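Work through these exercises on aromatic contacts. Each task is followed by its solution.

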Amino acid sequence: RLGCSFEVRGGTLGVVMGRPSALQGIPYDRPVVGYGGKNINTLRLWSAAAPGAFDFAAFSAGEFVSALAGQLSAESLTRVLYPDDSTSMGQGLRFVQEYFLVACSLADLVRRFRRGHDDWGSLPDQVAIQLNDTHPAMAVPELMRILLDEAGLGWEEAWDLTRRTLAYTNHTLLPEALEKWPLRWFERLLPRQLEIILEIDRRLAAEVRARFPGDEGRIARSSLVENDGDRRIRMAHLAIVGSHSTNGVAAIHSELLRKVTVRDLAELYPERFGNKTNGVTPRRWLLLANPALAGSITAAIGDRWITDLAELERLAPLTEDTGFRDAVHDARRRAKSSFADWLKTNSGVVVDPDSIFDSQVKRIHEYKRQFLNGLRVVVLYNRLRQDPALEMAPRTFFFAGKAAPAYELAKLVIKFLNNLAGTIDGDPAVRGRLKVVFLPEYNVSLAERLIPASDVSNQISTAGYEASGTSNMKFMMNGALTIGTRDGATIEMAQAAGEENFFLFGLTAQQVTNSRPWYSPWWHYKHEPETRAALNLIFSDHFSRYEPGAFLPLRRALLEAGDRYMHLADLSAYLQADRRLLEAHADRDRWMRMAVANIAHSGRFSSDRTIVEYASEIWQASPCPVP
Ligand SMILES: *Cc1c(COP(=O)(O)O)cnc(C)c1O
């Protein structure tokens, strides 16, 4: 139930304030089939409908459209799941969508719990709810509302059950991505939930005051309500205060979350904070995506790795086995050929499988620094143009990724990479030596094809900004070598495989923080000839001949606006790491030793390990064997 209703006006969905309404949730169960499993679980998704919205009288009178208007508007609530790109969003519809999905899921969960239990006290033993980011954080006041208003429990008991049932995973530290909903939206749409949030906040303030007397600044910083101008609810604070566990998704991320982003709450509740490093499923990302490599691994160590990826450790001694190295080399060569064939058939683009396949595939975002990769390519392009006799292994650079609809700079980066590809393609000076391909429509199916075919994985986010990353893991278990910054789970991957098997470069998270006050991109422009030449070439419209000035917004962000993500601070270190990489690649045995070491030590990055940690350390859930 909402404190408002919806209407379609002129083809768009409008919210009508002051006219309460109800929406109906229709469940759709999707089967979730585990590898070799004997049972099938279900994932329940929800669609919105308006009860009784169909106006039969209006329909009979010929007003076909208006008779369906209520139904149409309700459905538009669940038609689109906002593309989560961590920024450039901010729609009232998203707020209602979040509440709708929380309300449906909780009502359903409580109904099923009540079928077998009449004591509310066992709710946390029977049920574990993991808040996957802050998007479902309204579960805190909604579960409280159910326990207070429907179950008739007192505040203390309802609060204890709510906290013990809920747990929260944080996925990003970017301030613009931490949800903060206007308090007046709650006032109008969810007045009872707001009442509960404000009571939680009142009690929180009392607790902080008792623990840290005289520290009023801390109360304001910890509060669920941000109070600068228009009041907003801090959804991350709500999730942390209303749950028994908060975790980040890689060691460095969990530490920054605790020590910087929500430091005051971590000092208040230190025992609630932990880490669960992300993982990826080896069934999809190795067995299914790379049958040739999977076959070589199975031939060497048997097939237990499929369900216990730690088994890959047994490949470690085989780094010194030429037979195994050759098998891995052949399998990888097959994956490259089959990708090249697929690409040619499906897009007409021809790439040379004997060139180094160097990939950066992920959402387009300034902090992920696809433009830094673009600058690297422009520097290499300049080197080849200046010295046609330069010895350099042929390389193919693949980019893929989508941008959020309203993220203009990210879209301009896509345009730049496409223009870069076009210009380099048309330049006979570098033909057969350098190629850039931007693959459109990046999705999981494309990732499954490209990742097994890649020799090099670019993980080059500004240190401290990539919470975990997971494509880094997919590449690693397929035997690609990583060139990257010390960020997210890449740090743990390099630890597992040994830094000598990685090409790490650039500022650390600490150095990024320390140098921020005095960092100037101009210094690099003035003192680094290759950096300057690359930027001059781009901003002289070499890659935008028919659209002069097209890339000026990039110049503004990179030079005039201070280069928030410090592209220029890391460019020369990136180029040095790139030289080390080419050196290693020139020695096939050395490269394959490194590749095998990466595969052998990738076992920790299976999502099976991650899920076991969630189950045993957060949910207190033990395995339920199927006979
Ligand atoms: C794995 C994956 C991601 C996540 O990539 P990161 O590099 O970790 O950001 C994004 N999109 C698709 C399609 C993926 O398969």
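**Exercise 1.** Are Phe95 and Phe186 buried or exposed?

The model is predicted: local features need pLDDT of at least 70, side-chain atom pairs count only at pLDDT 80 or more, and totals for chains, interfaces and linings use all residues. Residues are numbered from 1 along each chain as its sequence is written, and side-chain values use heavy atoms, leaving out hydrogens and water.

Take the cut-offs: buried is under 20% relative accessible area, exposed over 50%, partly exposed in between (1.4 Å probe, protein chains only). Phe95 and Phe186 are both buried.

**Exercise 2.** Classify the ring pair Phe357 and Phe398, and place it in the chain.

Start with the rule. Rings of Phe, Tyr and Trp (its six-membered ring) pair if their centres lie within 6.5 Å; planes under 30 degrees apart are stacked, over 60 edge-to-face, the rest tilted. The centres of Phe357 and Phe398 are 5.0 Å apart and the planes stand at 80°, so this pair is edge-to-face.

Next, the elements. Strands (E, at least two residues) and helices (H or I, at least four) are DSSP runs, numbered from the N terminus. Phe357 is in strand β12 (residues 356-361) and Phe398 in strand β13 (residues 395-400), so the pair ties together parts 41 residues apart in sequence. Both Phe357 and Phe398 are buried.

**Exercise 3.** Which residues do ring pairs link into a cluster?

The cluster holds Phe371, Tyr381, Phe416, Phe543 and Phe551.

**Exercise 4.** Find charges over the rings of Tyr269 and Trp285.

The test: NZ of Lys or CZ of Arg within 6 Å of the ring centre and within 35 degrees of the ring normal. Arg272 lies over the face of Tyr269, 3.5 Å from the ring centre. Lys474 lies over the face of Trp285, at 4.2 Å from the ring centre.
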